[in-house]
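Got your viewer open? Let's take a walk through this protein together, one selection at a time.

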Amino acid sequence: LRRTKQASNMRGVWLGGGGAGAGACVMRGDSGGRRRCPVVLLSFFFLLWLVESGGAGASCVPRYGAGRYLLNLTVEGPASVRPLLLNVPAEVTFPSDGLEGGAVVGFHGWHSNPWYYDALANLTNMTSRYKMVLALPFGTGLEESFYCCPENVTVDECSDGTRLDASSRACGWKNGDAADRSDQFANVDDIAYARQIVEFLVSEVCVDPAKIFATGLSDGGAMTARAACDAADIFAGVATMSGGLDLEICDAAEPLAYLEFCGTDDGACNVSSYSTYDTWVALNDCGDTNWHLTYESATTKCRAADGCDGGSLVEQCLVAGLGDAIPGHDRSGPIVPGTTYVPQAATNIDSVKYAFDKWSSLFPSKAWPDNPAFDGPYDLLPADAQAQAHEEAQ
């Protein structure tokens, strides 16, 4: 099949078989007495033109506009239907620069649910600010708890973001670190669930597949670490928050940006934080054990490995005196009723904001110089501002 297109009036003439004789037909324009194309053939050629000319058929059309949705996804395996809380901000655009057009998948902690985790981590506001889609999966409960809400609490009540389930029926994740709850996950494949979520985000919401990240708290942090190992091909980077998981055995298919945040009083993550960091230094082919300090406050220190493959990121942040929590994000009250909750130190790093900023460094703005020179304190300022700054410094 050969096609010619006249740009002046978008008149297309397709020729095949016997040339301008019996096999030819005129799509539109001045046809004179020439034969018209059959309707089916016209439809075929119109669709072909749309695809080849960059028309509507050549780009993804989102099925979900701005809004918040509670959906059910079909996942392969015995637990075939899993819910998903989806937030598409009005600010999101496809495609675009930076993190815009990307997505974050957030795994809640044990005893928790997506609404509570979202309120605690401020993820809806953060993804809206960075113009990204937010997908919040639901863990699996030992008893019937489809939406991970406490017993006798409705979904509407649960969605206020304040409800935790401190009972034994609480939801969790099959992350490889839950042998004591093996019956709870006998028919669960949370990696397949994560893959189905990413496939949905790409095909139905038009998210850029190169800009999908994962994060999680506590048991969800461990799930995030497991996803980094078993699904590195679908995530550009992850950030684990207080998620303890021994990753000495990890079969990541390719490098990704790995960030971990751990409190020194967290009995889960602080026993595996260093081994996990070392594992990803090796997986991302960082070359040696050299590292540099990336963040420091009175209560927080972060370090990043040097020389990682393709500029990939491996970073570890430790927060003094912090337990099972998101650094920089206070809970509304204690996890266990009747206990006392002590607010975090003001100098704790805001781990969520820090993670988003680190992820953004993987997709720098086109306005940023490729190789900015930091020879002096004013070199990134406009020329006139540099001159003024130098003058004032004198």
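Before we click on anything, one bit of vocabulary: a residue is called exposed when its relative accessible area is over 50%, and buried when that value is under 20%. Keep in mind, too, that you're looking at a predicted model.

**Stop 1: the whole thing**

Start with a cartoon view of everything. You should find nine helices and 15 strands. Of the 394 residues in the protein, 45% are buried. Now switch on the surface: the protein exposes about 19400 Å², with carbon and sulfur atoms supplying 53% of that. And how do the contacts spread along the sequence? Counting contacts with a separation of 6 or more, 62% of them join residues 24 or more positions apart.

**Stop 2: a residue out in the open**

Select glycine 311. You'll see it in the loop between strand 14 (300-305) and strand 15 (314-319). Is glycine 311 buried or exposed? Its relative accessible area is 58%, over the 50% cut-off, so glycine 311 is exposed. Add asparagine 284 to your selection: the two sit 27 residues apart in sequence, and their C-alpha atoms are 9.1 Å apart in space.

**Stop 3: two loop residues with a positive phi**

Next, pick asparagine 152, in the loop between strand 8 (140-141) and helix 4 (155-158). Asparagine 152 isn't a glycine, yet its phi is positive, about 65°. With a relative accessible area of 77%, asparagine 152 is exposed.

Now jump to serine 218, in the loop between strand 10 (212-217) and helix 6. Here's another positive phi in a residue that is not a glycine, this time about 55°. Which side of the cut-offs does serine 218 fall on, buried or exposed? Its relative accessibility is 17%, so serine 218 counts as buried.

**Stop 4: helix 6**

Carry on from there and select residues 219-230, which make up helix 6. Try the distance tool on its end C-alpha atoms: they are 16 Å apart, and that agrees with the 16 Å that 12 residues should span at 1.5 Å a residue. Then look around the helix. Since 11 of its 12 residues are buried, helix 6 is largely enclosed by the rest of the structure. Among the buried ones are Asp219, Met223, Arg226 and Cys229.

**Stop 5: helix 5**

What does helix 5 pack against? Select residues 190-204 to bring it up. Helix 5 has 15 residues and reaches 20 Å from its first C-alpha to its last, close to the expected 21 Å. Its buried residues include Ile191, Tyr193, Ile197, Phe200 and Leu201. Show their surroundings and you'll meet strand 4 (67-74), strand 5 (81-88), strand 6 (103-107), strand 7 (133-137), strand 10 and helix 6, the elements that the buried residues of helix 5 pack against.

**Stop 6: threonine 124**

Click on threonine 124, in helix 3 (residues 123-129). At 18% relative accessibility, threonine 124 counts as buried, because the cut-off is 20%. Leaving out residues up to four places away in sequence, threonine 124 touches Arg68, Asn87, Asp118 and Leu134.

**Stop 7: alanine 257**

Select alanine 257, which belongs to strand 12. With a relative accessible area of 3%, alanine 257 is buried. Which residues does alanine 257 touch, not counting those up to four places away in sequence? They are Ala236, Gly237, Val238, Leu313 and Leu362. Now add phenylalanine 235: it is 22 residues from alanine 257 in sequence, with 8.9 Å between the two C-alpha atoms.

**Stop 8: an empty spot inside**

Last stop! Rolling a probe the size of a water molecule over the atoms shows where empty space is left. A search of the whole structure finds one cavity of 30 Å³ or more. The volume of the largest cavity is about 70 Å³. To see its lining, select Ala225, Thr240, Gly243, Leu245, Tyr258, Glu260, Phe261, Cys262, Cys269, Ser272, Ser273 and Thr276. By class, that lining has six nonpolar, five polar and one charged residues. Which element supplies the largest share of the lining? Strand 12 does, with four residues. Helix 7 (273-283) also supplies at least two residues of the lining.

Methods: Residues numbered from 1 in each chain as written. Predicted model: local features only at pLDDT ≥ 70, side-chain atom pairs only at ≥ 80, totals over all residues. Heavy atoms only, no water. Buried < 20%, exposed > 50% of the residue type's maximum accessible area, 1.4 Å probe, protein only. Contact = heavy atoms within 4.5 Å. Areas by Shrake-Rupley, 256 points an atom, 1.4 Å probe, with all protein chains shown as cover. 1 Å grid on protein atoms, 1.4 Å probe; cavity = no way out; pocket = protein on both sides within 12 Å on 5 of 7 lines; lining within 4 Å. Points joined across faces, edges and corners; volume = space filled by probe spheres on them. Nonpolar A, V, L, I, M, F, W, Y, C, P; charged D, E, K, R; others polar. Expected span 1.5 Å × (residues − 1).
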